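Let's take a walk through this structure, starting with a small sheet and working out to the way the chains meet. Keep the 3D view open and turn it as you read.

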Number of protein chains: 2
Amino acid sequence: MLHSLSGRAETLMQARLLAELRDHGPLSRTELGERLDVSRTTIGAEVGRLTEIGLAQETGPAASRGGRRSTMVDLADDIRFVGIAIGASRLEVGVTDGRLAVLATEQVVCDIRQGPDVVLGTAMAAARRLLDDADVAQPMGVGVGVPGPVDFSRGAPVAPPLMPGWDGYPVRDTVGRELGCPAVLDNDVNLMALGEQHAGVARHARDFLFVKMGTGIGCGVVVGGALYRGVNGCAGDVGHMQVRGDGRRCVCGNLDCLEAYAGGSALAVDAAAAAADGRSPELAALLAERGRLTAEDVGVAAARGDLVATTLMRECGQRVGEVVAGLVSFFNPGLIVIGGRVSGLGHALLAEIRGAAYQRSLPLATGNLPIVLSDLPDHGGVVGGARLVSQDVLASPVPRRS
Amino acid sequence: MLHSLSGRAETLMQARLLAELRDHGPLSRTELGERLDVSRTTIGAEVGRLTEIGLAQETGPAASRGGRRSTMVDLADDIRFVGIAIGASRLEVGVTDGRLAVLATEQVVCDIRQGPDVVLGTAMAAARRLLDDADVAQPMGVGVGVPGPVDFSRGAPVAPPLMPGWDGYPVRDTVGRELGCPAVLDNDVNLMALGEQHAGVARHARDFLFVKMGTGIGCGVVVGGALYRGVNGCAGDVGHMQVRGDGRRCVCGNLDCLEAYAGGSALAVDAAAAAADGRSPELAALLAERGRLTAEDVGVAAARGDLVATTLMRECGQRVGEVVAGLVSFFNPGLIVIGGRVSGLGHALLAEIRGAAYQRSLPLATGNLPIVLSDLPDHGGVVGGARLVSQDVLASPVPRRS
């Protein structure tokens, strides 16, 4: 018989309660008791303590289910998290409530190659504007994503390609100090995977992959509901897996990396070549119109029926599908979500990815395997950042300064 | 303050205590208290209960560390597990003690294509001989491995290629009924990975891969110390990942699967061709001597300086290394263990695997990544089977019939 909770058991119980409220709240005391498999008395006591320290609140009577009427419980409605998604050429800062609904965001064009002082300065300014506008004195935590490998325990990028000046820079501690709250740093793809898990198509998936197709290509790996980072924090680096090719050299120095063919940069280069040598009239027209071509222009030209653009898009999808097939064989996930800017090329691209992946994988592994586009085109990184730091903050509930 | 353990908390404590004794025993009460982070009084009470139900025993005073002398605790010395490793052409049955030391084994040549009645009958007869010889009335559990995909929750093979008659056969329940004890079924590679984790080179690894090179090629995936099976139980099916090739068709129907070049069967076919057309004098001599060639003969001929055999072995290693490189990029493991019959080709093969894997992977992921040969050439599957069922049995301690 459990007479009283030890300190550690109580912390664990409170953490689970807060996570339930974040992901499924508001909930009645009765529902909380059912979800945590403890008595309503215990729930009442814990909710009382969490209310005292400013993390939870009671919001009135629950709808009757017969019997004694229960009370609704929610996270304190003044809890705020900050998510910061730093990309290669732009960054997004957002403020969320305790349940990670995005209340306000700001996107800023900002080249990561300007280095951490400029980029983080820009992000901090945006965060302060948003917090001031929302009258938030003190966010409960900030989660930051950067487009490169991260030493999660140190909170710093590690040898990130294409990010001069960022190697070893204490991003986590800098941002935490600036905003005066707990901070975490991870790579952008992991944040997007968490965002998808919290608010997107992966909401009920325990073992899934999130493949980000952007300037580069990366993969977030979720095992048993939690991010799997690998022993050095660089799991999911699928952009440099080898695909069939003609010996094209990648920026990493190796030959025939996926990214060298299917990354956004590679697509843009291929598109420019096709525009320049007259093979693609539509891409040439777009180039003349805009001065430069992006991966998205390949989709535009393909939609206008351009043969070369269509071929580029199909080959991109086939190569991604080839790698996805290998991941399916190795990892046997329950869901694969395709996201990122280049995934905006849409369902024709998705069809190629699926075709290649299903063809090469075991029927047992693909029988019930959905391969779908992200339905969180916006704010995925912001929600993921908020989610990541909320996991830390809610796992060790402490009284809030207020 | 923790006054008393609830039933569930007590079960959990006992399970952790038993697992510590299995993996690190015998241990003094003091050491157990430190490992489990509880008081010596609590340990004393739990050891008393486990002794009563026949799972643990006290074995005398521990060596003095100063202060009050502690008592040594061990698993009951009459605990026995059975491990059964069924391969394509032979099977091994072994009996272990509670700490999974192999006490006796029997290997039997037995073709899996004879179907479950014959093969399981052979295995059961061997198990009974071993148990009778050792005077074991009642093993505590039996773990079985088969060379094909398994539905772990149903305890049956699922559409296993090259195993006619086994699809859906209730192997777990049949074996458990025959031996009168709890049983589990998994694929052979997962068992070998567990064996390596318990008694081999992966003993302290939390996130590692075990690549089995046998007739086929498969991979055991361990995440956070536990087997990762994927959502359909077919994670680690790396034999059908695509490699660079000349369009060779695999038994699975796809082109250029790893196994179609580097599996033991493929090597044997390549060796026979080189012997037949006169390219390889050493392989021809071995063929004349033995009547047929195996993958191991490639190693023998290579050791004698045969150029074609050496090339076959190197190409095998390069292709395995190519796939391993992809797994490193995706999974960022802390250790890769290469095992199975074909890995007996030895260090020259390993050098090729390493060369290809290190060349293609991120420095961050390979900086501290050992790629090593299994040091458990024998009994790995038996130990793994015993380990797998011991996890179940020790997790829910119940009084033993005796």
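Two strands count as paired here if DSSP finds at least two bridges between them. One thing to keep in mind from the start: this is a predicted model.

**A three-stranded sheet in chain A**

With that definition in hand, look at A:Leu27: its bridge partner in strand 3 of chain A is A:Val73. That bridge belongs to a pairing between strand 1 and strand 3 (residues 71–75) of chain A, which run in the antiparallel sense over two bridges. Zoom out a little and you get an open sheet of three strands, ordered 1-3-2 in chain A, with antiparallel pairing. Strand 1 (27–28) and strand 2 (56–61) of chain A sit at the edges, each pairing on one side only.

What packs on this sheet? Helix 1 (residues 7–24) of chain A does, and it touches strand 1, strand 2 and strand 3 of chain A. The direction of helix 1 makes about 90 degrees with that of strand 3 of chain A.

**The loops around it**

Between helix 1 and strand 1 of chain A there is a loop, and A:Pro26 lies in it. The peptide bond leading from A:Gly25 into A:Pro26 is cis. Chain B has a cis peptide bond joining B:Gly25 and B:Pro26, and B:Pro26 is found in the loop between helix 1 (7–24) and strand 1 (27–28) of chain B. Here are the omega values side by side.

| Cis peptide bond | Omega |
|---|---|
| A:Gly25 to A:Pro26 | near -5 degrees |
| B:Gly25 to B:Pro26 | about -10 degrees |

Another backbone spot to check is A:Asp37, in the loop between helix 2 (29–36) and helix 3 (40–52) of chain A. Phi of A:Asp37 is near 60 degrees, which is a positive value in a residue other than glycine.

**Two helices in chain B**

Now hop over to chain B. Two packed helices are described by the angle between their axes and the distance between the axes. Helix 2 (residues 29–36) and helix 3 (residues 40–52) of chain B pack at about 110 degrees, and their axes are 9 Å apart. Angles of 65 to 115 degrees count as roughly perpendicular, so helix 2 of chain B is roughly perpendicular to helix 3 of chain B.

Who meets whom? From helix 2 of chain B come B:Arg29, B:Thr30, B:Leu32 and B:Gly33, and they meet B:Arg40, B:Ile43, B:Gly44 and B:Val47 in helix 3 of chain B. By class, this contact between helix 2 and helix 3 of chain B has three nonpolar, three polar and two charged residues.

**A five-stranded sheet in chain B**

Further along chain B you'll find an open sheet of five strands in the order 13-12-11-14-15, with mixed pairing. Its edge strands are strand 13 (226–227) and strand 15 (371–373) of chain B, each pairing on one side only. Strand 11 (residues 208–213) and strand 14 (residues 335–339) of chain B pair in the parallel sense over five bridges. One place to see this is B:Val211, which stands opposite B:Ile338 in strand 14 of chain B. Helix 12 (residues 347–360) of chain B packs on the sheet and touches strand 14 and strand 15 of chain B. The direction of helix 12 makes about 165 degrees with that of strand 15 of chain B.

**Domains of chain A**

Chain A is divided into domain 1 (7–75), domain 2 (80–196 + 380–395) and domain 3 (203–373). The centres of domain 2 and domain 3 of chain A are 25 Å apart. Their contact takes 13 residues from domain 2 and 16 residues from domain 3 of chain A. On the domain 2 side, strand 8 (150–151) and helix 6 (188–199) of chain A are the elements giving two or more residues. Helix 6 of chain A gives the most, with six residues. That side of domain 2 has nine nonpolar, two polar and two charged residues.

**Where the chains meet**

How many residues of chain A are in contact with chain B? There are 37, and they touch 37 residues of chain B. Strand 12 (217–223), helix 11 (307–331) and helix 13 (363–366) of chain A each supply at least two residues of the chain A side. The largest share, six residues, comes from helix 11 of chain A. By class, the chain A side has 20 nonpolar, 13 polar and four charged residues.

Finally, the symmetry. A turn of 180 degrees with a shift of 0.0 Å along the axis lays chain A on chain B with an RMSD of 0.0 Å. That is the relation of a two-fold axis. The same surface serves both copies, since 100% of the contact residues of chain A recur in chain B.

How values were computed
Residues numbered from 1 in each chain as written. Chains lettered and ligands numbered in written order. Predicted model: local features only at pLDDT ≥ 70, side-chain atom pairs only at ≥ 80, totals over all residues. Domains from an automatic or database assignment. Contact = placed C-beta atoms within 7 Å. Helix = DSSP H or I, 4+ residues; strand = E, 2+ residues; numbered from the N terminus. Nonpolar A, V, L, I, M, F, W, Y, C, P; charged D, E, K, R; others polar. Axes fitted to C-alpha atoms, helices over the stretch in contact; angles between N-to-C directions. Least-squares fit on C-alpha atoms with pLDDT ≥ 70 in both. Parallel < 35°, antiparallel > 145°, perpendicular 65-115°, else oblique.
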